[in-house]
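These are my notebook entries on one structure, written for a reader who has not met it before. I looked up how its helices and strands are arranged and kept each entry short.

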Amino acid sequence: MSPKLPVHNSQTITEFLNLHQSQISEENSDDSYKFAFDDEAFLARRETMGIRFELELLKPEVLLKEHSIEHTITVFGSTRFVSHEQAMELKERAKTPEEIALANKALLHSEYYESARQFGSVVAHYNATQKSDSNKLHICTGGGPGIMEAVNRGAFEAGDKTIGFNISLPREQQPNQYISPGLSFRFHYFALRKMHFMLRARAIVAYPGGFGSFDELFEVLTLIQTKKVVRIPVILVGKSFWNEMLNFKGMVEFGVIDEEDMQSIHFSETAEEAWQVIQDWYQLG
């Protein structure tokens, strides 16, 4: 094999945990005698990847069931947006032209943060009117900062359960403080995390974001297009942003998607409009 070809093309869990070969070789009886399920080094081997997939699927499934969470609204969006209060603080401290420009951009983006925060609150207030857990729609996010923090915050401040599916990253992403106790999860594999985004999702709400948000959005649209999931509403907040970034009409005209594929996509400008789409779709009282 060419020395330039990589052995594998992914970050393994052994690399993420900084485990050396000597730590997983288990050359003495103290290591080899451990129960397999209690042996972290063994579970971190490349050969046990399938078991780790299964565990990442199973753990949130079991715990969410114990919390009686059956339905979610999954919200995507940029990690970089801050609250209006934080944006104003940045503007007050800004001195140089670069700092002023960044503060003005943060102030503009904070409108989306506050909108997401309001959306979380609106959903939480709806849940408060429902006696049965099976009728509730809980906020679910990637658990990090920005839009994820905002929508978790809105639901949390309104007294509702709110879920965060965090992911291990090179620069470790810490879960935001507005995720309910016992509902903050950590994934190593994006694929399993995205599966959990969809398993209970009854609607997707996407705020402006970057690569991650687009990846998650197109995963959802592909699943709907290929009928791997039941059609659900996909609400894009901020029509000007989405129309500038994505030319859905052009894709239809070019023939790479059908007009039918657009039936799930809705645009909104406010939290209330986004919630209204969901209410109308499911005829919620």
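**Entry 1: an enclosed helix**

I began with helix α8 (residues 147–157), where 9 of the 11 residues are buried, so the helix is largely enclosed by the rest of the structure. I note here that the model is predicted. I listed the buried residues of α8 as I147, M148, E149, A150, V151, N152, R153, G154 and A155. I then looked up what surrounds them: the buried residues of α8 pack against β1, α7, β2, β3 and α9. After α8 comes G159, and I recorded that its phi is positive, near 90 degrees.

**Entry 2: the sheet**

I asked in what order the strands of the open sheet lie. I found 7 strands in the order β4-β3-β2-β1-β5-β6-β7, with parallel pairing. At the edges I found β4 (184–187) and β7 (265–268), each of which pairs on one side only. Ignoring direction, I noted that neighbouring strands of this sheet are turned by 25 degrees against each other on average.

I next followed strand β6 (residues 234–237) and its partners. Strand β5 (residues 201–206) runs parallel to β6 and is joined to it by 3 bridges. Within this pairing, I204 has V234 of β6 as its bridge partner. I also traced the pairing of β6 with β7, which is parallel and has 4 bridges. There, I235 has H266 of β7 as its bridge partner.

Is β6 covered on one face or on both? I found both faces covered: V234 and L236 are buried on one side, and I235 and V237 are buried on the other.

**Entry 3: helices on the sheet**

I looked up where α9 lies and found it across β1 (72–76), β2 (138–141), β3, β4 and β5, running at about 160 degrees to β3.

I then examined helix α5 (residues 49–66) against helix α9 (residues 190–199): their axes come within 10 Å and cross at roughly 30 degrees. That angle makes α5 roughly parallel to α9. I recorded the crossing of α5 and α9 as right-handed. The contact involves F53, E56, L57, P60 and E61 from α5, and L192, M195, H196 and L199 from α9. I sorted the residues of this contact of α5 with α9 by class and obtained 6 nonpolar, 1 polar and 2 charged.

**Entry 4: a helix pair**

I turned to helix α6 (residues 84–93) and helix α7 (residues 97–128), which pack at an angle of about 170 degrees with their axes 8 Å apart. Angles over 145 degrees count as roughly antiparallel, and α6 and α7 are therefore roughly antiparallel to each other. On the α6 side I listed H84, A87, M88, L90, K91 and R93, which meet E99, A103, N104, A106, L107, S110 and E114 in α7. The contact of α6 with α7 has 6 nonpolar, 3 polar and 4 charged residues.

**Entry 5: one residue of α7**

I closed with S115, which is found in helix α7. Is S115 buried or exposed? Its relative accessibility is 10%, so I count S115 as buried, the cut-off for buried being under 20%. Leaving aside residues up to four places away in sequence, I found that S115 touches Y207, V237, T270 and A271. One of these, V237, I had already met as a buried residue of β6.

Methods
Residues are numbered from 1 along each chain as its sequence is written. This is a predicted model: local features need pLDDT of at least 70, side-chain atom pairs count only at pLDDT 80 or more; totals for chains, interfaces and linings use all residues. Side-chain values use heavy atoms; hydrogens and water are left out. Axes are lines fitted to C-alpha atoms, for helices over the stretch in contact, and angles run from 0 to 180 degrees between N-to-C directions. Helices (H or I, at least four residues) and strands (E, at least two) are DSSP runs, numbered from the N terminus. Angles under 35 degrees count as roughly parallel, over 145 as roughly antiparallel, 65 to 115 as roughly perpendicular and the rest as oblique. A crossing is left-handed if the near helix is turned anticlockwise from the far one by less than a right angle, and right-handed if clockwise. Contact means heavy atoms within 4.5 Å. Ala, Val, Leu, Ile, Met, Phe, Trp, Tyr, Cys and Pro count as nonpolar, Asp, Glu, Lys and Arg as charged, and the others, Gly among them, as polar. Buried means under 20% relative accessible area, exposed over 50%, partly exposed in between (1.4 Å probe, protein chains only). Two strands pair if DSSP finds at least two bridges between them.
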